[in-house]
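Hi,

Here is the structure I said I'd pass on. Have a look at it first, and my notes are underneath.

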Amino acid sequence: MITKLNVTSVKVLDQEQALDFYVNKLGLEKGSDVKQGGFRWVTVRVPGDVTEIFLEEPGPPLHDEATAAQLRELITKGAMSSLVFNSNDVRGLYETLQARGVTDFTQEPIEHFYGTDMGLRDPFGNAIRILQQGKVPQKVTA
Amino acid sequence: MNRRLLRARDAMDRAYAEPLDVRAVAAVAHLSEAHFSRSFRATFGETPHRYLQRRRVERSMFLLRETDRSVTDICFDVGFTSLGTFSRTFHEIVGETPSEYRAGHGPVMAPNCIWMAATRPVVAAGVAVRVSSFGEADAPVPA
């Protein structure tokens, strides 16, 4: 029996830029950061969570240059990785992200029968969705 | 370049209900209209106009399934400016009329983002119609 998702990965064009986005903008925390020659194992995770997300930059030693070039093409087309996070306040987070300079939203927060979600892209084109499950209390406007 | 084109495609996904023209969408990618249309087609396999049509048709399919709004209201809700163009485009892409589609499909209980992707129609006729303009009224009618 599998007991947890330990590591997943998101393919990025630049690990340093990815780290800045996922930690300083999105609010994740850095997990591991180990260098081995030209290879850097750097992960982020939801604060307090166990699942680490490897920020995977295509290239040697993982990929030959031709493969890496194909992967970079697919990343920037938005056809490669996607992540779905949960939040306890998706509308508040939307405002926080805007204040931190995030502009690449694919969808502002919208309410559905399963909760409220929003969409954005990381700096490279990967799709990110953030979901607040259940009925979200609405602000009183009148 | 891909990233800029993707940003323009996202803009179409977001603003499908508005009267978009190719100039406005090309501006999101910082490209001329001609260069944008050519590059978009090379990158995503269809013209921006066709992509926007599929987006609008997908949203109309959603509204036909999930709401009681009239076909005419839905036509305008999703950004078409004429019922004739909407009906013709819907039939060409889905393979049945909006009313026939509504009669055959009820609400779908799955997260929206999944269904937006899963039910985004491929063109039923399998024909890539070449159109260079977003002006629905001016779009050439396939013979």
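Below is what turned up at the interface of the two chains and in one helix pair.

Keep in mind that this is a predicted model, so every value here is computed rather than taken from an experiment.

Let's start where the chains meet. On the chain B side, 15 residues are in contact with 17 residues of chain A. Together the two chains bury about 1300 Å², and carbon and sulfur atoms give 50% of that. There are 3 salt bridges across the interface. One you can look up right away joins the side chains of A:Arg121 and B:Asp10, at 2.4 Å from N to O. Polar contacts across the interface come to 9 residue pairs, with both residues at pLDDT 80 or more.

Which parts of chain B supply at least two residues each to the side that touches chain A? Those are α1, α3 (33-44) and α8 (112-118). The biggest giver is α1(B), with 7 residues. By type, the chain B side splits into 7 nonpolar, 3 polar and 5 charged residues.

Helix α1 (residues 2-15) of chain B also packs within its own chain: its axis and that of helix α4 (residues 48-66) of chain B come within 9 Å and cross at roughly 35 degrees. The crossing is right-handed. From α1(B), the contact uses B:Arg9, B:Met12 and B:Asp13, while α4(B) brings B:Pro48, B:Tyr51, B:Leu52 and B:Arg55. That makes 4 nonpolar and 3 charged residues, with no polar ones.

Cheers

Conventions
Residues numbered from 1 in each chain as written. Chains lettered and ligands numbered in written order. Predicted model: local features only at pLDDT ≥ 70, side-chain atom pairs only at ≥ 80, totals over all residues. Heavy atoms only, no water. Axes fitted to C-alpha atoms, helices over the stretch in contact; angles between N-to-C directions. Helix = DSSP H or I, 4+ residues; strand = E, 2+ residues; numbered from the N terminus. Left-handed = near helix turned anticlockwise from the far one by under 90°. Contact = heavy atoms within 4.5 Å. Nonpolar A, V, L, I, M, F, W, Y, C, P; charged D, E, K, R; others polar. Buried area = accessible area lost by both parts, 1.4 Å probe. Salt bridge = Lys/Arg side-chain N within 4 Å of Asp/Glu carboxyl O. Polar contact = N/O pair within 3.5 Å; in protein donor to acceptor, adjacent residues only side chain to side chain.
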